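Okay, thanks for having me, everyone. I'll put the structure up and then talk you through the sheets, the core and the charged pairs.

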Amino acid sequence: LPQNTVNDILQSRNGYVWVGTQEGMARFDGMRFTVFARRTAPDLPSNIVTCLLEDRSGRIWIGTNAGLAFFERGRIAPGATELAGRVIREIIEDRDSSLIVGTTRGLFRVRNGVASPMDLPGSSSAWDVRALVRHSDGSLWVGTEQNGLFRWSGSALEHFGPGSGLGGVTINALIQDGAGDLWVGMSGEGLRLLRDG
C-alpha cells in the first residue's frame, strides 16, 4: 500500500480490489498493488482518498478531501468541477444513474459530470454528511456528524434526533439489510438497528 491508513475498500465487478488511503489509491490484482497518486495521476484532486464507488457502467468514482475524480479505461480523470476543494465523505449511485455525493458541506447530485446542491426542504447546506443509503422503499437516508439521522421520502424530511437515541451523535455507516431494516454505525455509540421507525 502507498500508506497504511485505509479509508475505504471496494471490490469491482472485474475482481480488482481498490483501496483508498491517505497517500493515494491502490489497485490489487491478486499479485501486486498498482498505486495511483498525484505524482503519476495529476487529475486526482488529492492523495487523501476518502471513499470509492463503482457505478453501473464500471467507472470507479474516487472521493478525496479536495474533490471528486473517476477511473476509466486505465486513467484517472476529473469528476464534477463544482466539487473542487470539497471534502467528499460518501458517494452512492441513484436509481437514475446519477450520483449522490455527501460532503462536509451538504449533499450534491452529479448528473452528466455536473454537480448541483440537493436542497432538501428543512435541510441545511452546512450538514457534514458521513453516510448515505437509498432504501428499497425509495427513501434516502442521510447520516451526519452531530445532527443525527435524516430520512428524505421525496416529499418530507424526517429527523431521527434526540428522542430516537440518534441525536447529537456522529453517524459513520448505514446499510439496509435483507429485511428492510437499517443498521446505523456511530462514533463511540456502537451500532443501532432501526426497525419500523
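Before I get to the strands, one bit of bookkeeping: I call two strands paired if DSSP finds at least two bridges between them. And keep in mind that this is a predicted model.

With that in hand, look at β9 and β10, which pair in the antiparallel sense over 5 bridges. One of those pairings puts Glu90 opposite Gly102 in β10, as its bridge partner. Between the two strands, the hairpin has 5 residues, and Ser97 takes a positive phi near 75° there. How much of β9 is buried? 5 of its 6 residues are, so β9 is largely enclosed by the rest of the structure.

That takes us to the core. The largest nonpolar core has 15 residues, and among those with the most contacts inside it are Trp61, Leu83, Ile91 and Val101. Who supplies it? β5, β7, β9, β10 and β11 each give at least two residues. No great surprise, since in soluble globular proteins nonpolar side chains tend to be buried together. Val101 is a nice one to click on: leaving out residues up to four places away in sequence, Val101 touches Leu68, Leu83, Ile91, Phe108, Val110 and Leu132, among others.

Now the sheets. There's an open one of 4 strands, in the order β5-β6-β7-β8, with antiparallel pairing. β5, residues 49-54, and β8, residues 75-78, are at the edges with a single partner strand each, so one side of each has no neighbour in the sheet. On average, neighbouring strands here are turned by 25° against each other, ignoring direction. Inside that sheet, β6 and β7 run antiparallel and are joined by 5 bridges. Trp61, which we just met in the core, has Phe70 in β7 as its bridge partner.

Another open sheet, also 4 strands and antiparallel, goes β1-β2-β3-β4. Its edge strands are β1 (6-11) and β4 (33-36), each pairing on one side only. The average turn between neighbours in this sheet is 20°, again with direction ignored. β3 and β4 are held by 4 bridges in the antiparallel sense, and Phe28 has Phe33 in β4 as its bridge partner.

Okay, charges. The count comes to 14 salt bridges. Take Arg56 and Glu93: their closest N and O atoms are 3.1 Å apart. Arg56 is in the loop between β5 and β6 while Glu93 is in strand β9, so to speak a long-distance call, with their positions 37 residues apart. Arg56 is partly exposed at 47% relative accessibility, whereas Glu93 is buried at 19%.

Then there's Arg59 with Glu72, a salt bridge at 2.9 Å, N to O. Arg59 is in that β5–β6 loop as well, and Glu72 is in strand β7. Both ends are partly exposed: Arg59 has a relative accessible area of 22%, and Glu72 comes out at 22%.

So what about Asp55, in the loop between β5 and β6? Asp55 is buried yet has no salt bridge, and the nearest side chain of opposite charge, Arg59, is 4.6 Å away. The cut-off here is 4 Å, so that pair doesn't count. Beyond its neighbours within four places in sequence, Asp55 is in contact with Arg13, Trp61 and Glu93.

Last thing: Arg89, Asp128, Arg130 and Glu145 are linked in a network of salt bridges. That's my tour, thanks.

Note on methods:
Residues numbered from 1 in each chain as written. Predicted model: local features only at pLDDT ≥ 70, side-chain atom pairs only at ≥ 80, totals over all residues. Heavy atoms only, no water. Axes fitted to C-alpha atoms, helices over the stretch in contact; angles between N-to-C directions. Buried < 20%, exposed > 50% of the residue type's maximum accessible area, 1.4 Å probe, protein only. Lys, Arg positive; Asp, Glu negative; His and termini not counted. Contact = heavy atoms within 4.5 Å. Core = buried A, V, L, I, M, F, W, Y, C linked by side-chain atoms within 4.5 Å.
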